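I opened my notebook today to look at how helices sit against each other, and then at one of the pockets. Come along and keep the picture in view while you read.

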Amino acid sequence: MDPFLTLLHSFSSSLSDSELSSLKFLCRGKIGKRKLESVRSGGELFSILLEQQLIASDEVSFLEGLLESIKREDLVSQLKQFVEEGEVNAPDDQPDVHEKPCEVICENVGRDWKILMRKLGFSEVKMERVVAANPFNLREQLAQSLREWQKWKGRDAKVTDLIKALRGCNMNLVADRVEQ
(Lines give C-alpha, C1' and ligand atoms only; values in the text may rest on other atoms or scores of the structure.)
Protein backbone atom coordinates (compact mmCIF):
# COMPACT_ATOMS: atom_id res chain seq x y z
CA MET A 1 0.00 0.00 0.00
CA ASP A 2 1.26 3.47 -0.88
CA PRO A 3 2.37 5.26 2.32
CA PHE A 4 1.45 8.67 0.86
CA LEU A 5 -2.12 7.55 0.13
CA THR A 6 -2.36 6.15 3.65
CA LEU A 7 -1.26 9.52 5.01
CA LEU A 8 -3.82 11.36 2.86
CA HIS A 9 -6.54 8.96 4.05
CA SER A 10 -5.71 9.68 7.69
CA PHE A 11 -5.80 13.42 6.95
CA SER A 12 -9.18 13.02 5.26
CA SER A 13 -10.60 11.17 8.28
CA SER A 14 -9.53 13.92 10.66
CA LEU A 15 -10.98 16.86 8.71
CA SER A 16 -14.19 18.48 9.95
CA ASP A 17 -16.88 19.65 7.53
CA SER A 18 -15.87 23.30 8.03
CA GLU A 19 -12.21 22.47 7.40
CA LEU A 20 -13.17 20.63 4.22
CA SER A 21 -15.20 23.66 3.11
CA SER A 22 -12.18 25.89 3.79
CA LEU A 23 -9.90 23.59 1.77
CA LYS A 24 -12.37 23.60 -1.12
CA PHE A 25 -12.48 27.40 -1.02
CA LEU A 26 -8.67 27.61 -1.04
CA CYS A 27 -8.54 25.32 -4.09
CA ARG A 28 -10.92 27.48 -6.17
CA GLY A 29 -8.14 28.88 -8.33
CA LYS A 30 -6.81 25.40 -9.09
CA ILE A 31 -9.96 23.26 -9.44
CA GLY A 32 -13.14 24.06 -11.37
CA LYS A 33 -16.26 25.12 -9.47
CA ARG A 34 -18.37 22.18 -10.66
CA LYS A 35 -15.75 19.65 -9.53
CA LEU A 36 -15.42 21.35 -6.14
CA GLU A 37 -19.17 21.32 -5.59
CA SER A 38 -19.23 17.56 -6.04
CA VAL A 39 -16.53 16.99 -3.40
CA ARG A 40 -18.01 15.47 -0.22
CA SER A 41 -14.88 14.28 1.60
CA GLY A 42 -11.21 15.07 2.06
CA GLY A 43 -10.38 11.87 0.15
CA GLU A 44 -12.30 13.11 -2.90
CA LEU A 45 -10.52 16.47 -2.75
CA PHE A 46 -7.10 14.80 -2.39
CA SER A 47 -7.92 12.53 -5.35
CA ILE A 48 -8.60 15.57 -7.53
CA LEU A 49 -5.40 17.24 -6.33
CA LEU A 50 -3.47 14.06 -7.16
CA GLU A 51 -5.08 13.80 -10.61
CA GLN A 52 -4.18 17.39 -11.40
CA GLN A 53 -0.67 16.78 -10.09
CA LEU A 54 -0.94 19.58 -7.55
CA ILE A 55 0.19 17.15 -4.87
CA ALA A 56 2.30 14.01 -5.09
CA SER A 57 4.47 11.98 -2.75
CA ASP A 58 7.45 14.05 -3.90
CA GLU A 59 5.58 17.39 -4.12
CA VAL A 60 3.89 18.29 -0.84
CA SER A 61 4.36 22.08 -0.71
CA PHE A 62 0.83 22.88 -1.97
CA LEU A 63 -0.71 20.47 0.55
CA GLU A 64 1.44 21.91 3.33
CA GLY A 65 0.23 25.42 2.44
CA LEU A 66 -3.41 24.29 2.49
CA LEU A 67 -3.04 22.66 5.91
CA GLU A 68 -1.26 25.72 7.31
CA SER A 69 -4.06 27.95 5.99
CA ILE A 70 -6.71 26.03 7.92
CA LYS A 71 -4.52 26.06 11.05
CA ARG A 72 -4.02 22.28 11.21
CA GLU A 73 -0.46 22.36 12.53
CA ASP A 74 -0.85 18.76 13.73
CA LEU A 75 -1.34 17.60 10.15
CA VAL A 76 1.48 19.84 8.92
CA SER A 77 3.84 18.24 11.44
CA GLN A 78 2.70 14.74 10.36
CA LEU A 79 3.39 15.71 6.75
CA LYS A 80 6.84 17.07 7.62
CA GLN A 81 7.63 13.93 9.61
CA PHE A 82 6.55 11.83 6.63
CA VAL A 83 8.95 13.78 4.39
CA GLU A 84 11.82 13.62 6.93
CA GLU A 85 11.48 9.89 7.39
CA GLY A 86 12.40 9.48 3.76
CA GLU A 87 9.18 8.02 2.50
CA VAL A 88 9.14 10.86 0.00
CA ASN A 89 11.92 10.83 -2.62
CA ALA A 90 13.05 7.36 -1.53
CA PRO A 91 14.47 5.56 -4.54
CA ASP A 92 13.07 2.02 -4.52
CA ASP A 93 15.13 0.43 -7.25
CA GLN A 94 18.64 1.67 -6.51
CA PRO A 95 21.06 -0.61 -4.66
CA ASP A 96 22.44 0.93 -1.49
CA VAL A 97 26.23 1.03 -1.08
CA HIS A 98 25.75 0.98 2.71
CA GLU A 99 23.57 -2.14 2.73
CA LYS A 100 26.33 -4.70 3.29
CA PRO A 101 28.29 -2.65 5.88
CA CYS A 102 25.07 -1.95 7.79
CA GLU A 103 24.21 -5.65 7.73
CA VAL A 104 27.64 -6.51 9.15
CA ILE A 105 27.27 -3.84 11.85
CA CYS A 106 23.78 -5.09 12.81
CA GLU A 107 25.06 -8.65 13.11
CA ASN A 108 28.05 -7.73 15.28
CA VAL A 109 27.14 -4.69 17.40
CA GLY A 110 24.92 -5.45 20.37
CA ARG A 111 23.77 -3.40 23.32
CA ASP A 112 26.40 -0.71 22.68
CA TRP A 113 24.72 0.47 19.47
CA LYS A 114 23.84 3.85 21.02
CA ILE A 115 27.51 4.60 21.64
CA LEU A 116 28.20 4.01 17.95
CA MET A 117 25.30 6.21 16.88
CA ARG A 118 26.49 9.03 19.17
CA LYS A 119 29.94 8.79 17.53
CA LEU A 120 28.18 9.22 14.18
CA GLY A 121 26.53 12.40 15.49
CA PHE A 122 23.02 10.91 15.69
CA SER A 123 20.80 12.79 18.15
CA GLU A 124 19.38 11.31 21.36
CA VAL A 125 15.86 12.33 20.32
CA LYS A 126 16.10 10.35 17.10
CA MET A 127 17.49 7.34 18.97
CA GLU A 128 14.62 7.47 21.45
CA ARG A 129 12.13 7.64 18.57
CA VAL A 130 13.71 4.52 17.05
CA VAL A 131 13.62 2.70 20.41
CA ALA A 132 9.95 3.63 20.86
CA ALA A 133 9.14 2.26 17.40
CA ASN A 134 11.00 -1.03 18.07
CA PRO A 135 10.92 -1.49 21.86
CA PHE A 136 11.91 -5.16 22.04
CA ASN A 137 14.12 -5.63 19.00
CA LEU A 138 17.72 -4.51 19.54
CA ARG A 139 18.88 -5.46 16.05
CA GLU A 140 16.02 -3.54 14.41
CA GLN A 141 16.77 -0.50 16.60
CA LEU A 142 20.33 -0.46 15.27
CA ALA A 143 19.25 -1.12 11.66
CA GLN A 144 16.65 1.65 11.78
CA SER A 145 19.14 4.06 13.38
CA LEU A 146 21.68 3.37 10.65
CA ARG A 147 19.01 3.97 7.96
CA GLU A 148 18.03 7.24 9.65
CA TRP A 149 21.71 8.25 9.83
CA GLN A 150 22.09 7.56 6.10
CA LYS A 151 19.01 9.66 5.28
CA TRP A 152 20.23 12.46 7.55
CA LYS A 153 23.71 12.52 6.01
CA GLY A 154 22.56 11.90 2.44
CA ARG A 155 25.52 11.89 0.05
CA ASP A 156 27.87 12.59 2.95
CA ALA A 157 27.15 9.18 4.54
CA LYS A 158 30.39 7.31 3.93
CA VAL A 159 31.44 3.80 4.86
CA THR A 160 34.74 5.30 6.06
CA ASP A 161 32.74 7.34 8.62
CA LEU A 162 31.15 4.11 9.88
CA ILE A 163 34.57 2.46 10.19
CA LYS A 164 36.05 5.51 11.94
CA ALA A 165 33.15 5.59 14.41
CA LEU A 166 33.46 1.85 15.07
CA ARG A 167 37.18 2.24 15.80
CA GLY A 168 36.41 5.27 18.00
CA CYS A 169 34.13 3.01 20.07
CA ASN A 170 36.84 0.31 20.28
CA MET A 171 34.77 -1.98 18.07
CA ASN A 172 37.81 -2.85 15.98
CA LEU A 173 36.70 -6.40 15.10
CA VAL A 174 33.46 -5.08 13.61
CA ALA A 175 35.38 -2.33 11.78
CA ASP A 176 37.69 -4.99 10.30
CA ARG A 177 34.69 -7.02 9.11
CA VAL A 178 33.12 -3.93 7.50
CA GLU A 179 36.38 -3.22 5.66
CA GLN A 180 36.44 -6.72 4.12
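**Entry 1: H1 and H4.** I began with helix H1, residues 3–14, and helix H4, residues 42–51, whose axes lie 8 Å apart and make an angle of about 140°. I kept in mind that this is a predicted model. Are H1 and H4 parallel, antiparallel or oblique to each other? Antiparallel needs an angle over 145 degrees, and H1 and H4 are therefore oblique. I noted the crossing of H1 past H4 as right-handed.

Next I looked up who touches whom. H1 brings Phe-4, Leu-5, Leu-8, Phe-11 and Ser-12, and these meet Gly-42, Gly-43, Phe-46 and Leu-50 of H4. I sorted this contact by class and got six nonpolar residues, three polar ones and no charged ones.

**Entry 2: H5 and H6.** Then I moved along to helix H5 (residues 61–69) and helix H6 (residues 73–84), which pack with their axes 8 Å apart at an angle of about 160°. That angle makes H5 roughly antiparallel to H6. Is their crossing left-handed or right-handed? I found that H5 and H6 cross in the left-handed sense.

On the H5 side, I listed Leu-63, Glu-64, Leu-67 and Glu-68 as making the contact, and on the H6 side Glu-73, Leu-75, Val-76, Leu-79 and Lys-80. The contact of H5 with H6 holds five nonpolar and four charged residues, with no polar ones.

**Entry 3: H11 and H12.** My last helix pair was H11, residues 159–168, with H12, residues 172–179; their axes come within 8 Å and cross at roughly 160°. H11 and H12 are therefore roughly antiparallel. I wrote down a left-handed crossing for H11 past H12.

Which residues of H11 meet H12? I found Val-159, Ile-163, Leu-166 and Arg-167, and their partners in H12 are Asn-172, Val-174, Ala-175, Asp-176, Val-178 and Glu-179. By class, the contact of H11 with H12 has six nonpolar residues, one polar and three charged.

**Entry 4: a pocket.** To finish, I turned to the second largest pocket, which holds about 310 Å³ of space. How many residues line the second largest pocket? I looked it up and found 13, of which Glu-85, Arg-129, Val-130, Gln-144 and Glu-148 are the closest to the centre. Helix H9 (124–133) and helix H10 (138–153) are the elements that each give two or more residues to this lining. I sorted the lining too: seven residues are charged, four nonpolar and two polar.

Technical notes: Residues are numbered from 1 along each chain as its sequence is written. This is a predicted model: local features need pLDDT of at least 70, side-chain atom pairs count only at pLDDT 80 or more; totals for chains, interfaces and linings use all residues. Side-chain values use heavy atoms; hydrogens and water are left out. Axes are lines fitted to C-alpha atoms, for helices over the stretch in contact, and angles run from 0 to 180 degrees between N-to-C directions. Helices (H or I, at least four residues) and strands (E, at least two) are DSSP runs, numbered from the N terminus. Angles under 35 degrees count as roughly parallel, over 145 as roughly antiparallel, 65 to 115 as roughly perpendicular and the rest as oblique. A crossing is left-handed if the near helix is turned anticlockwise from the far one by less than a right angle, and right-handed if clockwise. Contact means heavy atoms within 4.5 Å. Ala, Val, Leu, Ile, Met, Phe, Trp, Tyr, Cys and Pro count as nonpolar, Asp, Glu, Lys and Arg as charged, and the others, Gly among them, as polar. On a 1 Å grid over the protein atoms alone, a cavity is a set of points where a 1.4 Å probe fits but cannot get out, and a pocket is an open set with protein on both sides within 12 Å along at least five of seven lines; lining residues have an atom within 4 Å of a point. Grid points are joined across faces, edges and corners, and a volume is the space filled by probe spheres set on the points.
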